[in-house]
Amino acid sequence: MDVVPVPPGKRVEAAAVLARAFQGDPAWQWVFPDAARRAAALPWLFASSFDVTEAELWTTAGPILGVARWMPPGRPPLKFTAAVKALVVTPIRLRDATQRFFAYGRAIDDLRRDAVPMPHWYLAGIGVDPAKRGRGIGSALMRPGLDAAAAARLPCALLTNNERNLSFYRAHGFEVIKESKSGRNGPKAWVLLKNP
């Protein structure tokens, strides 16, 4: 299966696919306990994250069946202007979920920084449209970051809040290096690392 960078005109569609993929994720259920509210908020949040972070976005060639967001080492983690705009708009969009959203973000950043202090490629999100799972799409979407990290002889890291994902990541050479809560009251999290 071929994967390509997400075309700029397809970012909204890519965000919608990720939103469907993460609708049942424990972290997003914690941030937005109400399923309808979660379904309404996630497409905007993922689209906003595409604008805010210096990440490489990959999808399937042809229809967007899944998306992977890889963050290479050495790039600034945020685009300043987009980040400031998001800080202003997020509380308006998320209302009472704002505190949980920012607490979760801080917690996973801290977990990652603590567990993986060395330069690494970071899989900041990967999701496949639920109707298309089990066809090798997720594995194909992992390739660009895994290949780039291998070429640079750097590790890859990721964080998941879904225990069901662990076997998938282990099949790609990742091992759990830290297990913790995402903040004081947040969902359980696993940090995984794949060494070069």
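These legends walk through four close-up views of a predicted model.

**View 1. The sheet and its edges.** Here we look at an open sheet of seven strands, arranged in the order E1-E2-E3-E4-E5-E7-E6 with mixed pairing. At the edges stand strand E1 (3–5) and E6, each with a single partner strand, so one side of each has no neighbour in the sheet. From one strand to the next, the twist averages 25 degrees.

**View 2. E5 beside E7, with H5 across the sheet.** E5 and E7 run antiparallel and are joined by five bridges. To find your place in this pair, look for Ala157, which stands opposite Leu193 in E7. Helix H5 lies across E4, E5, E6 and E7, and runs at about 140 degrees to E6.

**View 3. The largest nonpolar core.** This core has 38 residues, and those touching the most other members are Trp28, Phe32, Leu42, Leu45, Phe46, Leu94 and Leu159. Among the elements that each supply at least two of its residues are helix H3 (35–52), helix H5 (98–115) and strand E5 (156–160). Zoom in on Leu45: beyond residues up to four places away in sequence, Leu45 touches Trp28, Phe32, Leu94 and Phe101. A second, separate core holds 21 residues, including Trp121, Ala149, Leu166 and Leu192.

**View 4. Gly186 in its loop.** Gly186 sits in the loop between strand E6 (175–181) and E7. Its relative accessibility is 2%, so Gly186 counts as buried. Leaving aside neighbours within four places in sequence, Gly186 is in contact with Trp30 and Lys181. Ala107 is 79 residues from Gly186 in sequence, yet their C-alpha atoms are 8.5 Å apart in space.

Terms used: Residues numbered from 1 in each chain as written. Predicted model: local features only at pLDDT ≥ 70, side-chain atom pairs only at ≥ 80, totals over all residues. Heavy atoms only, no water. Core = buried A, V, L, I, M, F, W, Y, C linked by side-chain atoms within 4.5 Å. Buried < 20%, exposed > 50% of the residue type's maximum accessible area, 1.4 Å probe, protein only. Helix = DSSP H or I, 4+ residues; strand = E, 2+ residues; numbered from the N terminus. Contact = heavy atoms within 4.5 Å. Pairing = 2+ DSSP bridges. Axes fitted to C-alpha atoms, helices over the stretch in contact; angles between N-to-C directions.
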